[in-house]
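User: Hello! I work at the bench and would like a close look at one part of this model, the place where the ligand sits, and then a walk outward from there.
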Amino acid sequence: MSCSAQTSCAQKQDQQQDQQVYTSVKDYYGKVLQTTNDLKTSACTGSSKPHPIVCRLLRTLPQAVTDKFYGCGNPLPLGIAGKDVLDLGSGSGRDCYVAAALVGPQGSVTGVDMTDEQLQTARENIDAFGQTLGYQPNLKFLTGYIEALEDAGVANESKDICISNCVVNLSPNKPQVLAGVYTALRSGGEFHFSDMYSDRTVPESVRQHEELHGEGLTGALFANEFERIVKKIGFVSPRVLSIRHISIFDEQFKQLVGDTNYFSITYRLFKVPSAIGDANCTATYLGTVEGHEERYLLDIDNSFDTNVPRRVSANTATILKESWLAKYFVVESVVDNNSDSQTIAEKRTPTECLMKSALQVECSSSALKSCSK
Ligand SMILES: C[S@@+](CC[C@H](N)C(=O)[O-])C[C@H]1O[C@@H](n2cnc3c(N)ncnc32)[C@H](O)[C@@H]1O
């Protein structure tokens with residue numbers, strides 16, 4: 001390769017490496033895998049089962065769409081009627097189809113993917129699903145790269161909610177993806193997504209393995225690094241909604257990854273102004289999200305019982321006041337004459353601790369299984 005300047009040479013090399021990643025991922029999801037059963041890994045604890053409303057909708061989906069589901073979580077928030085949703089790496093479209101039913105005729109859902117075979121399955125089942133729904137959903141699938149959403153046809157500040165299921169780990173340029181999502185979201189929007197994370201540095205032997213990359217094991221995000229990046233982009237106070245350990249079925253893969261543990265984590269990232277001032281607020285959940293009538297789980301550390309005011313941190317108050325969730329909460333300042341009264345600090349269990357707990361959950365559930373043999 002002849003390059004005039006050292007920087008352009010490095011850029012060219014990076015571009016070539018990115019292209020190799022894209023080609024190998026397209027090949028894996030377009031040609032190697034035929035159905036979900038061909039995957040070599042899976043999240044195998046039952047801790048993150050979809051909500052019954054989502055389960056009911058899943059049963060109405062075209063079989064071809066669900067057969068090619070390769071996600072690792074359930075990034076489908078309820079209460080999104082009328083919203084504009086974007087799905088990064090939508091694959092055969094499973095989550096988009098469910099989202100289309102959740103947003104209803106007034107909302108819209110757009111999937112973006114780079115693999116033709118996946119897009120074909122996603123597109124050719126829309127009409128049949130429209131007949132099941134009783135209206136033609138406002139659902140479309142764009143061919144493109146999640147690193148270049150605008151080029152794919154996603155306008156800036158055009159989406160309320162962005163979802164994604166086990167895709168960002170596959171990107172050779174994760175900060176670019178995350179910044180692009182921030183730009184695509186309207187103010188008050190949310191990136192609600194499930195992805196793969198590891199609990200230690202992924203060894204070089206694993207990083208170079210093509211099939212392991214396809215399964216998402218080599219590009220798994222590092223929670224601390226990831227949280228640093230998204231805060232820098234402007235998302236407020238990343239929230240973990242659920243976490244579960246991912247099991248590796250294939251013996252050869254198991255040997256290769258060694259001691260590294262992998263987790264599927266569903267994060268919630270909100271595009272709201274940074275919290276200003278002290279947290280001297282209460283938030284009361286109104287019980288109005290369909291399917292969450294008794295309580296609402298904002299994240300693993302913050303659950304709200306219906307009609308019970310709770311003191312919240314400045315960031316939580318801002319999220320509940322300024323995001324798309326605002327219509328479901330009343331956030332009020334606390335009038336407190338006690339000069340000793342403490343403002344509420346952010347309540348957040350470190351992700352490392354959540355990972356350790358997720359491993360224990362699996363240990364105890366497999367122990368239970370072996371006891372019942
Ligand atoms: C693990 S599958 C998940 C598919 C879908 N989200 C699901 O849950 O079934 C990953 C998908 O992301 C797509 N993908 C991976 N990297 C991408 C990129 N950089 N740009 C666009 N699509 C990408 C692949 O083509 C594939 O369909």
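Which residue has a polar backbone atom 3.2 Å from a nitrogen atom of the ligand?

Analyst: That residue is Asn 165, where a polar backbone atom lies 3.2 Å from a ligand nitrogen. Two side chains also come into the picture. Glu 147 has a side-chain N or O atom 3.0 Å from a nitrogen atom of the ligand, while the side chain of Gln 118 places an N or O atom 3.3 Å from a ligand oxygen. On its own the ligand has 590 Å² of accessible area, and the protein covers 99% of this. Please keep in mind throughout that this is a predicted model.

Let's widen the view to the whole shell. It consists of 22 residues around the ligand, and the closest of them are Tyr 70, Gly 89, Asp 113, Thr 115 and Glu 147. Glu 147 therefore turns up both in this closest group and as a side-chain partner of a ligand nitrogen, within the 3.5 Å limit for a polar contact. Sorted by class, 11 of the shell residues are nonpolar, 8 are polar and 3 are charged. Helix H1, which runs over residues 6–32, gives the largest share of the shell, with 3 residues. The space that the ligand takes up is the largest cavity of the model.

Now a step along the chain from Asn 165. Cys 166 belongs to the loop that joins strand E5 (159–165) to helix H8 (174–184). Its backbone deserves a second look, since Cys 166 has a positive phi of about 65° without being a glycine. The usual picture is the other way round, as most residues other than glycine have a negative phi. Is Cys 166 buried or exposed? Cys 166 is buried, because its relative accessible area is 10% and the limit for buried is under 20%.

Asn 307 makes a useful comparison. Here too a residue other than glycine has a positive phi, near 65°. Asn 307 sits in the loop between E12 and strand E13 (310–312). Asn 307 counts as exposed, because its relative accessibility of 55% is over the 50% limit. There is a glycine with a positive phi as well: Gly 104, just after helix H4, where phi is about 75°.

Helix H4 itself, residues 94–103, is largely enclosed by the rest of the structure, because 10 of its 10 residues are buried. Among these buried residues are Arg 94, Asp 95, Cys 96 and Tyr 97, along with Val 103 at the end of the list.

A few other spots are worth a visit while you have the model open. In the loop between strand E11 (295–299) and strand E12 (302–305) you will find Asp 301. Asp 301 is buried, because its relative accessible area of 15% falls under 20%. The side chain of Asp 301 also has a partner, as it makes a polar contact of 2.6 Å with the side chain of Thr 349.

Strand E9 and the loop after it bring together parts of the chain that are separated in sequence. Ile 265 lies in strand E9 and is buried, with 0% relative accessibility. The C-alpha atom of Ile 265 is 7.4 Å from that of Gly 73, although 192 residues separate the two along the chain. Pro 273 is placed in the loop between strand E9 (262–270) and strand E10 (281–285). Pro 273 is partly exposed, because its relative accessible area of 42% falls between the 20% and 50% limits. From C-alpha to C-alpha, Pro 273 is 8.5 Å from Gly 188, with their positions 85 residues apart in sequence.

One last pair finishes the tour. Ala 81, in the loop between helix H3 (63–67) and strand E2 (84–88), is exposed at 54% relative accessible area. Ala 81 and Glu 290 stand 209 residues apart in sequence, yet their C-alpha atoms are 10.0 Å apart in space.

Terms used
Residues are numbered from 1 along each chain as its sequence is written. This is a predicted model: local features need pLDDT of at least 70, side-chain atom pairs count only at pLDDT 80 or more; totals for chains, interfaces and linings use all residues. Side-chain values use heavy atoms; hydrogens and water are left out. A residue is near a molecule or strand if one of its heavy atoms lies within 4 Å of it. A polar contact is a pair of N or O atoms within 3.5 Å; within protein, one must be able to donate a hydrogen and the other to accept it, and residues adjacent in sequence count only if both atoms are side-chain atoms. Accessible areas come from the Shrake-Rupley method with a 1.4 Å probe; for residues, only the protein chains shown count as cover. On a 1 Å grid over the protein atoms alone, a cavity is a set of points where a 1.4 Å probe fits but cannot get out, and a pocket is an open set with protein on both sides within 12 Å along at least five of seven lines; lining residues have an atom within 4 Å of a point. A molecule sits in a cavity or pocket if more than half of its atoms lie within 2 Å of its grid points. Helices (H or I, at least four residues) and strands (E, at least two) are DSSP runs, numbered from the N terminus. Ala, Val, Leu, Ile, Met, Phe, Trp, Tyr, Cys and Pro count as nonpolar, Asp, Glu, Lys and Arg as charged, and the others, Gly among them, as polar. Buried means under 20% relative accessible area, exposed over 50%, partly exposed in between (1.4 Å probe, protein chains only).
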